[in-house]
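Please look over the following structure and prepare to read it one topic at a time. The briefing below begins with strand pairing and then moves outward to the rest of the fold.

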Amino acid sequence: MSAMIQLQHLTKTYGRQRGIQDIQLQVAEGEVFGFLGPNGAGKTTTIRTLMGLLKPTSGQAFIAGLDCWKESTAVKRLVGYLPGEFALDPTLTGAQILSYLGHLRGGVDQNYVRQLIERLDFDPSKRFRDYSRGNKQKVGLVQAFMHKPRLLILDEPTGGLDPLNQQEFYKLVQETHAEGRTIFLSSHILPEVEHTCDRVAIIREGQIIQVNEVARLKDFKQHDIEITFQQPATLEWFAQIPGVLNSILEPNGHTIRLTTQGSLQPIIQIAAQHEAYNILTHEPNLEEIFLRFYANEAAQPHKKSLA
Ligand SMILES: Nc1ncnc2c1ncn2[C@@H]1O[C@H](COP(=O)(O)OP(=O)(O)OP(=O)(O)O)[C@@H](O)[C@H]1O
């Protein structure tokens, strides 16, 4: 397959501020690719460079073989872009904005625009300034999808959407994928990327630390679990379970806290054997996982590897 996106040693600094450093990445045509990282990692900087809105400090970005900075007009024609933040004329209605942007595209299929509006349960009759964050996001999504672009670049696409609209967005991604079009989406939410993407790059502090199949993220996923038993508990019950990274017995002698990686099944089995009466699980967010990973890495530099 040919490369739809190619980043070669891409670096962008803002004066002395780090933006992104030496990013190397290739996304094939037809992939749904996730760009995952905590706040401030450099996702928006990368995307704005791809869209020709920022000039790289060094290195190059290409879309379908076109230089994103030097040939940015041609690039914009190919792409449907949802920015992380957008300022549109606050006095125009959603419908007027979509009509204006559709004309800029040289005309779009109005039936498809209506379908998108309905599917996202969007009311296009209000002025932009009166829209909630979620409704503004819907304007952004409709305009990104409406001309059926070959490549969609979406910066945090589900921000502000309620769960029903999120599901509809995931369906749109699946349909776009089935048509062989390419999607590059940024997110700081691990389950979202797991749900939608084939491959993922993880970016932290301006650098790519991992590029992998989404299926491999399971190795990276952790849970905090609190299990309370009727009877006094002992950490020995969980000592032989693979994937238990940390275990603590609370002073009450009945509650065990575990941090685990991988499948929860063996833990639940043991909890059931010992007649647990309460199990609470919490999935740490990316920031927490990164903080833990790098804290462990500093303490035991040769024991763990992300790759
Ligand atoms: N216009 C700017 N001027 C100076 N520094 C900037 C500017 N834009 C971004 N940065 C810095 O570049 C780094 C990467 O920011 P960026 O917005 O690309 O991250 P992000 O992963 O998109 O984060 P978020 O999810 O919070 O939007 C951060 O350290 C940020 O402070």
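Thr 11 stands opposite Ser 58 in β4, and this pair belongs to the antiparallel pairing of β1 with strand β4 (residues 58–63), which runs over five bridges. The model is a predicted one, and its protein chain has nine helices and 14 strands.

**Strand β1 and its partners**

- Besides β4, strand β1 (residues 3–14) also pairs with β2, again in the antiparallel sense, and here the pairing extends over eight bridges.
- Within this pairing, Tyr 14 has Gln 17 in β2 as its bridge partner.
- The two strands β1 and β2 form a hairpin with two residues between them, and in the turn Gly 15 has a positive phi of about 60°.
- As general background, the strands of a sheet are held in pairs through backbone hydrogen bonds, and the pairing can be either parallel or antiparallel.

**The surroundings of the ligand**

- The ligand is surrounded by 14 residues, and the closest are Tyr 14, Asn 39, Lys 43, Thr 44 and Thr 45.
- The elements that contribute two or more residues to this shell are β2 (17–28) and α1 (43–50).
- When the residues of the shell are sorted by chemical character, two are nonpolar, ten are polar and two are charged.

**Helix α1**

- Helix α1 is mostly covered, since seven of its eight residues are buried.
- The buried residues of α1 include Lys 43, Thr 44 and Thr 45, which are also listed among the residues closest to the ligand.
- The other buried residues of this helix are Thr 46, Ile 47, Thr 49 and Leu 50.
- Just after α1, Gly 52 takes a positive phi of about 75°.

**The six-stranded sheet**

- Six strands form an open sheet whose order is β6-β7-β8-β3-β9-β10, and the pairing within this sheet is mixed.
- Strands β6 (79–82) and β10 (207–213) stand at the edges and have a single partner strand each, so one side of each is left without a neighbour in the sheet.
- From one strand to the next, the twist of this sheet averages 15°.
- Strand β3 (residues 32–36) and strand β9 (residues 199–204) pair in the parallel sense over four bridges, and Gly 34 stands opposite Val 200 in β9.
- Helix α6 (residues 163–178) packs on the sheet, where it touches β3, β7 and β8, and its direction makes about 150° with that of β8.
- Helix α1 lies across β3, β7 (151–155), β8 (182–187) and β9, and it runs at about 145° to β7.

**The four-stranded sheet**

- A further open sheet, made of four strands, has the order β12-β13-β11-β14, with antiparallel pairing.
- Its edge strands are β12 and β14 (276–282), each of which pairs on one side only.
- Neighbouring strands of this sheet are turned by 15° against each other on average, with direction ignored.
- Strand β11 (residues 222–229) pairs with β14 in the antiparallel sense over six bridges, and the bridge partner of Ile 227 in β14 is Ile 279.
- Helix α8 (residues 265–273) packs on this sheet and touches β11, β13 and β14, while its direction makes about 155° with that of β14.
- Strand β12 (residues 244–249) and strand β13 (residues 255–261) pair in the antiparallel sense over five bridges, and Leu 249 stands opposite Ile 256 in β13.
- The hairpin of β12 and β13 has five residues between the strands, and in this hairpin Gly 253 takes a positive phi near 75°.

**The chain as a whole**

- The protein chain is divided into domain 1 (3–218) and domain 2 (222–282), and the C-alpha centres of these two domains lie 40 Å apart.
- Along its principal axes, the C-alpha trace of the protein chain spans about 70 × 45 × 35 Å.
- Of the 307 residues in the protein chain, 32% are buried.
- Among contacts in the protein chain between residues at least 6 apart in sequence, 67% join residues that are at least 24 apart.

Note on methods. Residues are numbered from 1 along each chain as its sequence is written. This is a predicted model: local features need pLDDT of at least 70, side-chain atom pairs count only at pLDDT 80 or more; totals for chains, interfaces and linings use all residues. A residue is near a molecule or strand if its C-beta atom, placed from the backbone, lies within 6 Å of it. Ala, Val, Leu, Ile, Met, Phe, Trp, Tyr, Cys and Pro count as nonpolar, Asp, Glu, Lys and Arg as charged, and the others, Gly among them, as polar. Domain bounds come from an automatic or database domain assignment. Two strands pair if DSSP finds at least two bridges between them. Axes are lines fitted to C-alpha atoms, for helices over the stretch in contact, and angles run from 0 to 180 degrees between N-to-C directions. Two residues are in contact if their C-beta atoms, placed from the backbone, lie within 7 Å. A residue is buried if 20 or more other C-beta atoms lie within 10 Å of its own, exposed if 12 or fewer, and partly exposed in between; C-beta atoms are placed from the backbone.
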